[in-house]
Amino acid sequence: MKTNKDILILGIESSCDETSISIVKNGRDVLSNVTNSQIDIHKLYGGVVPEIASRNHIINIDFVYQNALSKANISIKDINAIAVTYGPGLIGSLLVGLSFAKGLSIATKIPFIGINHIEGHIASNYITNTDLQPPFIALIVSGGHTNLVHVINYNSFKIYGSTHDDACGEAYDKIARVLGFEYPGGPKLEKAALNGINGKFSFPRGEIKNSPYDFTYSGLKSHVINVIHNIKQKNNYSIDNQTINDIALEFENSIIDSLVNRTINLSKELNINKVAICGGVSANNAIKNSLKNECLNNNISFFSPDIKYCTDNAAMIASAGYYEYINENFSSLDLNADANLEFKDKE
Ligand code: KG4
Ligand code: ZN
(Lines give C-alpha, C1' and ligand atoms only; values in the text may rest on other atoms or scores of the structure.)
(Ligands and ions follow the chains in the order given, each with its own letter.)
Protein backbone atom coordinates (compact mmCIF):
# COMPACT_ATOMS: atom_id res chain seq x y z
CA MET A 1 0.00 0.00 0.00
CA LYS A 2 1.21 3.50 -0.83
CA THR A 3 0.50 6.40 1.50
CA ASN A 4 0.91 10.03 0.43
CA LYS A 5 4.30 10.18 2.08
CA ASP A 6 5.66 7.04 0.40
CA ILE A 7 8.05 7.38 -2.53
CA LEU A 8 7.88 4.64 -5.15
CA ILE A 9 10.77 4.26 -7.58
CA LEU A 10 10.63 2.01 -10.62
CA GLY A 11 14.14 0.69 -11.31
CA ILE A 12 15.40 -0.64 -14.65
CA GLU A 13 18.61 -2.65 -15.08
CA SER A 14 19.84 -3.98 -18.43
CA SER A 15 23.60 -3.35 -18.42
CA CYS A 16 24.65 -6.94 -19.20
CA ASP A 17 22.56 -10.09 -19.62
CA GLU A 18 19.82 -9.57 -17.03
CA THR A 19 16.62 -7.70 -17.91
CA SER A 20 15.33 -6.55 -14.55
CA ILE A 21 12.60 -4.17 -13.40
CA SER A 22 11.70 -3.51 -9.78
CA ILE A 23 9.49 -1.28 -7.67
CA VAL A 24 10.94 -0.16 -4.36
CA LYS A 25 9.20 1.87 -1.64
CA ASN A 26 11.20 4.52 0.25
CA GLY A 27 14.53 3.13 -0.96
CA ARG A 28 14.40 -0.03 1.14
CA ASP A 29 11.16 -1.96 0.71
CA VAL A 30 11.03 -4.12 -2.45
CA LEU A 31 7.43 -4.42 -3.75
CA SER A 32 8.52 -6.39 -6.81
CA ASN A 33 11.77 -7.38 -8.52
CA VAL A 34 11.34 -9.23 -11.80
CA THR A 35 14.48 -10.46 -13.56
CA ASN A 36 14.81 -12.33 -16.81
CA SER A 37 18.24 -13.94 -16.92
CA GLN A 38 19.85 -14.86 -20.24
CA ILE A 39 22.49 -17.15 -18.69
CA ASP A 40 21.10 -20.25 -20.41
CA ILE A 41 21.51 -18.56 -23.81
CA HIS A 42 25.01 -17.16 -23.26
CA LYS A 43 26.49 -20.27 -21.64
CA LEU A 44 26.31 -21.92 -25.06
CA TYR A 45 29.01 -19.43 -26.14
CA GLY A 46 31.12 -19.49 -22.95
CA GLY A 47 30.31 -15.85 -22.10
CA VAL A 48 27.96 -12.96 -22.84
CA VAL A 49 27.55 -12.20 -26.57
CA PRO A 50 26.69 -8.45 -26.67
CA GLU A 51 24.49 -8.49 -29.80
CA ILE A 52 22.46 -11.45 -28.53
CA ALA A 53 22.12 -9.78 -25.11
CA SER A 54 20.65 -6.56 -26.52
CA ARG A 55 18.24 -8.40 -28.82
CA ASN A 56 16.96 -10.43 -25.87
CA HIS A 57 16.52 -7.31 -23.72
CA ILE A 58 14.26 -5.93 -26.48
CA ILE A 59 12.23 -9.15 -26.54
CA ASN A 60 11.87 -9.30 -22.75
CA ILE A 61 11.64 -5.77 -21.40
CA ASP A 62 7.94 -5.08 -21.88
CA PHE A 63 6.94 -8.42 -20.34
CA VAL A 64 9.27 -7.83 -17.38
CA TYR A 65 7.80 -4.31 -16.94
CA GLN A 66 4.19 -5.52 -16.94
CA ASN A 67 5.07 -8.27 -14.49
CA ALA A 68 6.86 -5.88 -12.11
CA LEU A 69 3.81 -3.59 -11.96
CA SER A 70 1.34 -6.42 -11.47
CA LYS A 71 3.44 -8.16 -8.78
CA ALA A 72 3.65 -4.86 -6.86
CA ASN A 73 -0.09 -4.42 -7.44
CA ILE A 74 0.29 -0.79 -8.47
CA SER A 75 -0.29 1.34 -11.52
CA ILE A 76 2.42 3.33 -13.31
CA LYS A 77 0.60 6.48 -12.11
CA ASP A 78 1.72 5.65 -8.53
CA ILE A 79 5.41 5.86 -9.46
CA ASN A 80 7.36 8.97 -8.38
CA ALA A 81 10.43 8.43 -10.56
CA ILE A 82 12.03 5.99 -12.98
CA ALA A 83 15.64 5.07 -12.16
CA VAL A 84 17.69 3.40 -14.89
CA THR A 85 21.27 2.15 -15.29
CA TYR A 86 23.01 4.25 -17.97
CA GLY A 87 26.52 2.77 -17.56
CA PRO A 88 28.95 1.11 -17.33
CA GLY A 89 28.06 -2.02 -19.29
CA LEU A 90 27.41 -3.28 -22.80
CA ILE A 91 26.30 -0.36 -24.95
CA GLY A 92 23.57 -2.22 -26.85
CA SER A 93 22.18 -3.61 -23.60
CA LEU A 94 22.27 -0.27 -21.78
CA LEU A 95 20.48 1.47 -24.65
CA VAL A 96 17.48 -0.86 -24.41
CA GLY A 97 16.85 -0.04 -20.73
CA LEU A 98 17.64 3.66 -21.09
CA SER A 99 15.43 4.09 -24.18
CA PHE A 100 12.60 2.24 -22.45
CA ALA A 101 12.96 4.55 -19.42
CA LYS A 102 12.97 7.67 -21.59
CA GLY A 103 9.92 6.51 -23.55
CA LEU A 104 8.07 5.76 -20.33
CA SER A 105 9.07 9.11 -18.88
CA ILE A 106 7.86 11.02 -21.97
CA ALA A 107 4.58 9.11 -22.07
CA THR A 108 3.80 9.46 -18.35
CA LYS A 109 5.61 12.71 -17.46
CA ILE A 110 7.27 10.85 -14.57
CA PRO A 111 10.85 12.13 -14.07
CA PHE A 112 13.72 9.77 -14.74
CA ILE A 113 17.12 9.39 -13.10
CA GLY A 114 20.23 7.85 -14.66
CA ILE A 115 22.14 5.60 -12.23
CA ASN A 116 25.75 4.40 -12.31
CA HIS A 117 25.54 0.59 -12.10
CA ILE A 118 28.31 0.44 -9.46
CA GLU A 119 26.46 2.87 -7.19
CA GLY A 120 23.49 0.54 -7.63
CA HIS A 121 25.52 -2.38 -6.27
CA ILE A 122 26.37 -0.35 -3.16
CA ALA A 123 22.66 0.42 -2.65
CA SER A 124 21.82 -3.32 -2.75
CA ASN A 125 22.93 -3.35 0.88
CA TYR A 126 20.25 -0.82 1.90
CA ILE A 127 17.55 -3.27 0.85
CA THR A 128 18.69 -6.22 2.94
CA ASN A 129 20.12 -4.22 5.85
CA THR A 130 17.39 -1.69 6.53
CA ASP A 131 19.38 -0.22 9.44
CA LEU A 132 22.56 0.37 7.39
CA GLN A 133 23.43 4.04 7.00
CA PRO A 134 26.59 5.74 5.72
CA PRO A 135 29.39 6.20 6.51
CA PHE A 136 30.72 2.72 5.79
CA ILE A 137 33.37 0.94 3.71
CA ALA A 138 32.01 -0.79 0.60
CA LEU A 139 33.83 -3.63 -1.11
CA ILE A 140 32.40 -4.00 -4.63
CA VAL A 141 33.29 -7.31 -6.27
CA SER A 142 31.55 -8.15 -9.53
CA GLY A 143 32.24 -9.50 -13.01
CA GLY A 144 33.22 -6.03 -14.23
CA HIS A 145 34.45 -4.17 -11.13
CA THR A 146 36.55 -4.43 -8.02
CA ASN A 147 36.53 -1.34 -5.82
CA LEU A 148 37.15 -0.37 -2.24
CA VAL A 149 35.13 2.70 -1.40
CA HIS A 150 34.42 5.03 1.49
CA VAL A 151 30.66 5.65 1.28
CA ILE A 152 30.56 9.05 2.96
CA ASN A 153 26.87 9.63 2.42
CA TYR A 154 24.10 8.23 0.22
CA ASN A 155 25.30 10.34 -2.70
CA SER A 156 28.98 10.86 -1.91
CA PHE A 157 31.86 8.43 -2.31
CA LYS A 158 35.62 8.37 -2.15
CA ILE A 159 37.35 5.54 -3.99
CA TYR A 160 40.47 4.12 -2.35
CA GLY A 161 41.05 0.98 -4.40
CA SER A 162 40.39 -0.30 -7.92
CA THR A 163 41.68 -3.17 -9.99
CA HIS A 164 44.55 -2.49 -12.40
CA ASP A 165 43.54 -5.33 -14.73
CA ASP A 166 40.90 -8.06 -14.33
CA ALA A 167 37.90 -7.70 -12.05
CA CYS A 168 37.55 -10.29 -9.31
CA GLY A 169 34.54 -12.06 -10.94
CA GLU A 170 36.26 -11.92 -14.33
CA ALA A 171 39.24 -13.82 -12.85
CA TYR A 172 36.84 -16.39 -11.39
CA ASP A 173 35.10 -16.85 -14.74
CA LYS A 174 38.36 -17.16 -16.71
CA ILE A 175 39.92 -19.75 -14.39
CA ALA A 176 36.62 -21.65 -14.24
CA ARG A 177 36.54 -21.78 -18.03
CA VAL A 178 40.07 -23.21 -18.25
CA LEU A 179 39.06 -25.81 -15.65
CA GLY A 180 36.11 -26.80 -17.86
CA PHE A 181 33.18 -25.14 -16.05
CA GLU A 182 30.29 -23.45 -17.88
CA TYR A 183 29.76 -19.67 -17.82
CA PRO A 184 29.36 -18.07 -15.31
CA GLY A 185 32.02 -20.13 -13.59
CA GLY A 186 32.24 -18.27 -10.26
CA PRO A 187 29.59 -20.32 -8.42
CA LYS A 188 30.91 -23.61 -9.87
CA LEU A 189 34.46 -22.79 -8.80
CA GLU A 190 33.19 -22.00 -5.29
CA LYS A 191 31.52 -25.42 -5.15
CA ALA A 192 34.68 -27.19 -6.35
CA ALA A 193 36.77 -25.37 -3.72
CA LEU A 194 34.60 -26.88 -0.96
CA ASN A 195 36.16 -30.28 -1.75
CA GLY A 196 39.69 -28.96 -2.16
CA ILE A 197 42.62 -29.85 0.10
CA ASN A 198 44.62 -26.96 1.51
CA GLY A 199 48.37 -26.80 0.82
CA LYS A 200 48.43 -28.73 -2.46
CA PHE A 201 49.19 -25.55 -4.41
CA SER A 202 50.64 -22.15 -3.62
CA PHE A 203 49.47 -19.26 -5.80
CA PRO A 204 50.67 -15.64 -5.70
CA ARG A 205 48.91 -12.77 -3.90
CA GLY A 206 48.96 -9.80 -6.25
CA GLU A 207 50.17 -6.46 -4.90
CA ILE A 208 50.56 -3.05 -6.53
CA LYS A 209 53.61 -1.16 -5.35
CA ASN A 210 52.74 2.03 -3.43
CA SER A 211 48.99 1.43 -3.89
CA PRO A 212 48.01 -0.62 -0.87
CA TYR A 213 44.29 -0.62 -1.66
CA ASP A 214 44.47 -1.38 -5.39
CA PHE A 215 43.92 -4.88 -6.77
CA THR A 216 45.58 -6.96 -9.49
CA TYR A 217 44.49 -10.38 -10.68
CA SER A 218 46.28 -10.83 -14.02
CA GLY A 219 49.42 -12.33 -12.39
CA LEU A 220 47.34 -14.80 -10.40
CA LYS A 221 45.30 -15.66 -13.48
CA SER A 222 48.37 -16.31 -15.70
CA HIS A 223 50.04 -18.33 -12.95
CA VAL A 224 47.00 -20.57 -12.43
CA ILE A 225 46.45 -21.06 -16.18
CA ASN A 226 50.12 -22.11 -16.54
CA VAL A 227 49.79 -24.58 -13.68
CA ILE A 228 46.68 -26.09 -15.29
CA HIS A 229 48.36 -26.36 -18.72
CA ASN A 230 51.45 -28.00 -17.23
CA ILE A 231 49.34 -30.58 -15.41
CA LYS A 232 47.35 -31.29 -18.56
CA GLN A 233 50.47 -31.65 -20.69
CA LYS A 234 51.85 -34.27 -18.35
CA ASN A 235 48.53 -36.17 -18.24
CA ASN A 236 47.42 -36.56 -21.84
CA TYR A 237 45.44 -33.33 -21.69
CA SER A 238 43.33 -34.38 -18.74
CA ILE A 239 43.04 -33.18 -15.16
CA ASP A 240 41.39 -35.15 -12.36
CA ASN A 241 38.56 -33.81 -10.22
CA GLN A 242 40.52 -33.68 -6.97
CA THR A 243 43.24 -31.57 -8.62
CA ILE A 244 40.55 -29.23 -9.98
CA ASN A 245 39.14 -28.89 -6.45
CA ASP A 246 42.59 -28.22 -4.96
CA ILE A 247 43.33 -25.54 -7.59
CA ALA A 248 39.91 -23.95 -7.01
CA LEU A 249 40.55 -23.80 -3.26
CA GLU A 250 43.99 -22.18 -3.51
CA PHE A 251 42.69 -19.73 -6.15
CA GLU A 252 39.87 -18.76 -3.79
CA ASN A 253 42.33 -18.44 -0.87
CA SER A 254 44.40 -15.99 -2.91
CA ILE A 255 41.30 -13.95 -3.79
CA ILE A 256 40.13 -13.96 -0.16
CA ASP A 257 43.53 -12.71 1.07
CA SER A 258 43.48 -9.88 -1.47
CA LEU A 259 40.01 -8.72 -0.44
CA VAL A 260 39.96 -9.21 3.32
CA ASN A 261 43.28 -7.58 4.23
CA ARG A 262 42.68 -4.45 2.17
CA THR A 263 39.14 -3.98 3.45
CA ILE A 264 40.07 -4.36 7.11
CA ASN A 265 43.11 -2.08 6.69
CA LEU A 266 41.03 0.69 5.10
CA SER A 267 38.36 0.40 7.75
CA LYS A 268 41.03 0.81 10.44
CA GLU A 269 42.82 3.64 8.65
CA LEU A 270 39.61 5.66 8.27
CA ASN A 271 38.33 4.54 11.66
CA ILE A 272 34.99 3.44 10.20
CA ASN A 273 33.59 0.37 11.90
CA LYS A 274 31.10 -0.70 9.24
CA VAL A 275 31.92 -2.81 6.17
CA ALA A 276 29.49 -3.83 3.41
CA ILE A 277 30.32 -6.22 0.58
CA CYS A 278 28.32 -6.20 -2.69
CA GLY A 279 28.37 -7.30 -6.35
CA GLY A 280 28.01 -10.75 -7.92
CA VAL A 281 31.07 -12.23 -6.17
CA SER A 282 29.57 -11.33 -2.78
CA ALA A 283 27.31 -14.36 -3.34
CA ASN A 284 30.42 -16.43 -2.52
CA ASN A 285 30.09 -17.82 1.01
CA ALA A 286 33.81 -18.48 1.53
CA ILE A 287 34.62 -14.84 0.73
CA LYS A 288 31.68 -13.51 2.73
CA ASN A 289 32.43 -15.62 5.80
CA SER A 290 36.15 -14.84 5.78
CA LEU A 291 35.47 -11.10 5.64
CA LYS A 292 32.72 -11.38 8.24
CA ASN A 293 35.04 -13.25 10.66
CA GLU A 294 37.86 -10.74 10.25
CA CYS A 295 35.36 -7.92 10.80
CA LEU A 296 34.16 -9.58 14.02
CA ASN A 297 37.77 -10.00 15.19
CA ASN A 298 38.28 -6.27 14.69
CA ASN A 299 34.96 -5.03 16.16
CA ILE A 300 33.67 -4.01 12.75
CA SER A 301 30.01 -4.55 11.82
CA PHE A 302 29.62 -6.58 8.64
CA PHE A 303 26.83 -6.24 6.06
CA SER A 304 26.03 -8.15 2.88
CA PRO A 305 23.04 -8.21 0.53
CA ASP A 306 20.62 -11.11 0.36
CA ILE A 307 21.88 -13.48 -2.37
CA LYS A 308 19.17 -12.36 -4.82
CA TYR A 309 20.51 -8.79 -4.65
CA CYS A 310 24.21 -9.75 -5.09
CA THR A 311 24.08 -10.27 -8.85
CA ASP A 312 22.57 -7.70 -11.22
CA ASN A 313 19.03 -6.65 -10.31
CA ALA A 314 16.80 -3.60 -10.66
CA ALA A 315 15.90 -3.30 -6.96
CA MET A 316 19.38 -1.93 -6.24
CA ILE A 317 18.96 0.60 -9.06
CA ALA A 318 15.60 1.70 -7.64
CA SER A 319 17.14 2.02 -4.16
CA ALA A 320 20.03 4.17 -5.50
CA GLY A 321 17.39 6.15 -7.45
CA TYR A 322 15.49 6.92 -4.26
CA TYR A 323 18.49 8.71 -2.73
CA GLU A 324 18.90 10.76 -5.93
CA TYR A 325 15.14 11.49 -5.94
CA ILE A 326 15.13 12.97 -2.44
CA ASN A 327 17.98 15.27 -3.54
CA GLU A 328 16.03 16.13 -6.71
CA ASN A 329 18.86 14.89 -8.92
CA PHE A 330 16.84 14.21 -12.05
CA SER A 331 18.31 13.49 -15.49
CA SER A 332 17.41 15.17 -18.74
CA LEU A 333 16.31 13.34 -21.87
CA ASP A 334 19.65 13.93 -23.59
CA LEU A 335 21.40 11.59 -21.12
CA ASN A 336 23.25 9.00 -23.20
CA ALA A 337 24.24 5.45 -22.37
CA ASP A 338 27.94 5.25 -21.49
CA ALA A 339 29.59 1.81 -21.76
CA ASN A 340 32.70 3.06 -19.95
CA LEU A 341 31.02 5.30 -17.41
CA GLU A 342 33.57 6.01 -14.73
CA PHE A 343 32.94 5.36 -11.08
CA LYS A 344 34.62 8.31 -9.46
CA ASP A 345 34.76 10.32 -6.27
CA LYS A 346 31.55 12.24 -5.66
CA GLU A 347 31.37 15.12 -3.21
O1 KG4 B 1 27.42 -8.13 -10.28
P2 KG4 B 1 27.32 -9.14 -11.37
O3 KG4 B 1 26.02 -9.89 -11.52
O4 KG4 B 1 27.60 -8.51 -12.77
C5 KG4 B 1 28.50 -7.45 -12.98
O6 KG4 B 1 28.13 -6.29 -12.68
O7 KG4 B 1 29.62 -7.77 -13.41
O8 KG4 B 1 28.52 -10.17 -11.15
C9 KG4 B 1 28.68 -11.33 -11.93
C10 KG4 B 1 29.95 -12.03 -11.49
C11 KG4 B 1 30.39 -13.15 -12.42
O12 KG4 B 1 31.76 -12.98 -12.71
C13 KG4 B 1 30.15 -14.40 -11.57
O14 KG4 B 1 31.01 -15.48 -11.87
C15 KG4 B 1 30.43 -13.87 -10.18
O16 KG4 B 1 29.79 -12.60 -10.18
N17 KG4 B 1 29.85 -14.73 -9.15
C18 KG4 B 1 30.60 -15.45 -8.28
C19 KG4 B 1 29.69 -16.20 -7.51
N20 KG4 B 1 28.42 -15.90 -7.92
C21 KG4 B 1 28.54 -14.99 -8.94
N22 KG4 B 1 31.93 -15.53 -8.10
C23 KG4 B 1 32.39 -16.35 -7.13
N24 KG4 B 1 31.58 -17.10 -6.36
C25 KG4 B 1 30.24 -17.06 -6.50
N26 KG4 B 1 29.45 -17.81 -5.73
ZN1 ZN C 1 26.77 -5.72 -11.68
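Domain bounds in what follows come from an automatic or database domain assignment. The structure is a predicted model, in which local features need pLDDT of at least 70 and side-chain atom pairs count only at pLDDT 80 or more, while totals for chains, interfaces and linings use all residues. Residues are numbered from 1 along each chain as its sequence is written, and side-chain values use heavy atoms, with hydrogens and water left out.

**Exercise 1. The two domains**

Find into which domains the protein is divided, and describe how they meet.

Step 1. The assignment gives domain 1 (8–126 + 309–325) and domain 2 (134–304), and their C-alpha centres lie 27 Å apart.

Step 2. With contact taken as heavy atoms within 4.5 Å, 20 residues of domain 1 touch 24 residues of domain 2.

Step 3. Buried area is the accessible area (1.4 Å probe) that two parts lose on being put together, summed over both; for these domains it comes to about 1800 Å², 66% of it on carbon and sulfur atoms. Of the area that domain 1 buries against domain 2, Ile122, Asn125 and Cys310 supply 31%, more than any other three residues.

**Exercise 2. A salt bridge between loops**

Locate the partners of the salt bridge between glutamate 182 and lysine 43, and state how accessible each one is.

Step 1. A salt bridge is a side-chain nitrogen of Lys or Arg within 4 Å of a carboxyl oxygen of Asp or Glu; a search of the whole structure finds 13 of them. Helices here are DSSP runs (H or I, at least four residues), numbered from the N terminus. Glutamate 182 sits in the loop between helix 5 (168–178) and helix 6 (186–193), and lysine 43 in the loop between helix 1 and helix 2, so the pair ties together parts that are 139 residues apart in sequence.

Step 2. The N to O distance of this pair is 3.7 Å.

Step 3. Buried means under 20% relative accessible area, exposed over 50%, and partly exposed in between (1.4 Å probe, protein chains only). Glutamate 182, at 43%, is partly exposed, and lysine 43, at 27%, is partly exposed as well.

**Exercise 3. A salt bridge within one helix**

Explain how arginine 55 and glutamate 51 are placed relative to each other in helix 2.

Step 1. Their side chains meet in a salt bridge, at 2.6 Å from N to O.

Step 2. Because they are four residues apart in helix 2, about one helical turn separates them.

Step 3. Arginine 55 counts as exposed at 54% relative accessibility, whereas glutamate 51 is partly exposed at 44%.

Key: Chains lettered and ligands numbered in written order. Helix = DSSP H or I, 4+ residues; strand = E, 2+ residues; numbered from the N terminus.
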